[in-house]
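User: Before I use this model, I would like to go through some of the labels attached to it and hear the reasoning behind each one.

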Amino acid sequence: MKPQLNPFSPGAGARPPALAGRDELLQQSAITLARLKAGRHGRSQMMVGLRGVGKTVLLNRIADQAEELGYKSVEIEVPEGRALAVALLPELRRLFQDLDRMGAAGTALKTAGGVLRSFLKGVKLKYREIELEMGGEVEEGAADSGDLESDLPEVFIALGRAAAERQTAVVLIIDELQYLDRKDLSALLVAVHKVSQKGLPITVVGAGLPQLVGNAGEAKSYAERLFLFPELGPLGAADAKRALQEPANLAGVEFTEAALAEIIRVTHGYAYFLQEWGYIAWNAAETSPIDAEVIRRMHADAVDHLDRNFFRVRFERLTPAEEGYLRALAELGSEPQRSGAIAAVLGRNVQEVGTLRDLLIKKGMIYGPSHGYTAFTVPLFDEYMKRRMPLPDPRVRPARRR
Ligand SMILES: Nc1ncnc2c1ncn2[C@@H]1O[C@H](COP(=O)(O)OP(=O)(O)O)[C@@H](O)[C@H]1O
Ligand SMILES: [Mg+2]
């Protein structure tokens, strides 16, 4: 069918034609946001889930909700291996300018400007890479210690007061939170803690890979009470069907039940894969309804497409030793595996591969779903590793089956 009319939208952060299975979470965030302006406590949220489950798309939708309420929002993606302050500053400046434009300058707004300029000065001293200018008066000595854990709360409080003065609220949307190092994550948690204690209208809505939950708990033990950590997973069968059938129907096309079942079987309901399969199936089908035969015929093409794009960009970031570790994990299966068993496949003990495992967690390739276990953060990566590195691989001994 005509690719020009294809309704599906595979791609990181690409708005899906139907956002299936997230109604409850969206209701939850609508309530939290509505309470915020009234100074009522609403727990900040950090959504966690594997790659491609739809975290970024949900963050974007929550940004829309904030906008509909007339709130100011700031959206950033944590850059891997870079400082939070550097990523945040341009957006905080923009936020300040937005608040400034809302009317004649009040006291809280003036103070916020001064605090932000002072913060910028401190950050510039520490990280020379930042090229940002902010004209105007500096609030000497405010938020310029160079220690983010004491500076960021000051900045958040000042901006929170300015927002309250403007009778609006601020939503900070932060993606890829698993990339924050412990100090930056602590600083963010303390800042959120302080503004929430003061009932100021600022909230953080974040997202990250599953390791974020553990990272946050290690950074500050109160993280679990401060934040909700909604878990996003693959879509259930009914939602997965809706994600495929609804966009097709709107374009006058249908999937047969058998076609839907086949797509769900191979994608396991992961949102990103559903979009890819929907997209390729649409182009491969000659007429409506799209039947299971089409899905089976296109299977090899779809897998090849993922291998060359989605999986390959992640594989290419690996060192040979990391490849070996992931290949060993894949050998054991798609479920979380005991870290000891992975080491054993490599003919090593857990301690010997501990550093390697930590590096892979930092890179966002794997995580520890529970103590002593390891799992992929990318759905179906086990199957890819097996295709990409067929045995015999000198680094991996075939798993002994018991
Ligand atoms: N609830 C949903 N229903 C249907 N498709 C979705 C849903 N959430 C995400 N998608 C699709 O899945 C893909 C990945 O979404 P994204 O938000 O980038 O995932 P993540 O940030 O978790 O890696 C995109 O193509 C998007 O259109
Ligand atoms: Mg994302």
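User: How do you know that strand 3 and strand 4 are paired?

Analyst: In this predicted model, strand 3 (residues 170-175) and strand 4 (residues 202-208) run parallel and are joined by five bridges. Pairing asks for at least two bridges between two strands, so the five bridges found here satisfy the criterion. One of the contacts on which this rests is that of isoleucine 174, whose bridge partner in strand 4 is glycine 206.

User: What makes helix 5 a helix that packs on the sheet?

Analyst: Helix 5 touches strand 3 and strand 4, where touching stands for heavy atoms within 4.5 Å. The direction of helix 5 makes about 125° with that of strand 4.

User: Why are strand 2 and strand 5 said to stand at the edges?

Analyst: The five strands form an open sheet with parallel pairing, in the order 2-3-4-1-5. Strand 2 (72-77) and strand 5 (227-228) each have a single partner strand, so one side of each is left without a neighbour in the sheet.

User: Why is alanine 143 called buried, and what is noted about its phi?

Analyst: The relative accessible area of alanine 143 is 1%, and buried means under 20%, so alanine 143 is placed in that class. This residue lies in the loop between helix 4 (107-126) and helix 5 (148-165), and its phi is positive, about 50°, although it is not a glycine. That is worth noting because most residues other than glycine have a negative phi.

User: Why does histidine 268 count as partly exposed?

Analyst: Histidine 268 has 43% relative accessibility, and since the partly exposed class runs between 20% and 50%, the value puts histidine 268 in it. Histidine 268 is found in the loop between helix 10 (257-267) and helix 11, and it has a positive phi of about 55° without being a glycine.

User: Why is asparagine 249 called partly exposed, and where does it sit?

Analyst: Asparagine 249 belongs to helix 9 (residues 237-250). Its relative accessibility of 39% falls between the limits of 20% and 50%, and therefore asparagine 249 counts as partly exposed. Its C-alpha atom is separated by 10.0 Å from that of proline 7, although the two residues are 242 residues apart along the chain.

User: How do you know that the peptide bond between serine 288 and proline 289 is cis?

Analyst: The omega angle of the bond that joins serine 288 and proline 289 is about 0°, and the bond is a cis peptide bond. Proline 289 is in the loop between helix 11 (271-284) and helix 12 (292-315).

Methods:
Residues are numbered from 1 along each chain as its sequence is written. Chains are lettered from A and ligands numbered from 1 in the order in which they are written. This is a predicted model: local features need pLDDT of at least 70, side-chain atom pairs count only at pLDDT 80 or more; totals for chains, interfaces and linings use all residues. Side-chain values use heavy atoms; hydrogens and water are left out. Helices (H or I, at least four residues) and strands (E, at least two) are DSSP runs, numbered from the N terminus. Buried means under 20% relative accessible area, exposed over 50%, partly exposed in between (1.4 Å probe, protein chains only). Axes are lines fitted to C-alpha atoms, for helices over the stretch in contact, and angles run from 0 to 180 degrees between N-to-C directions.
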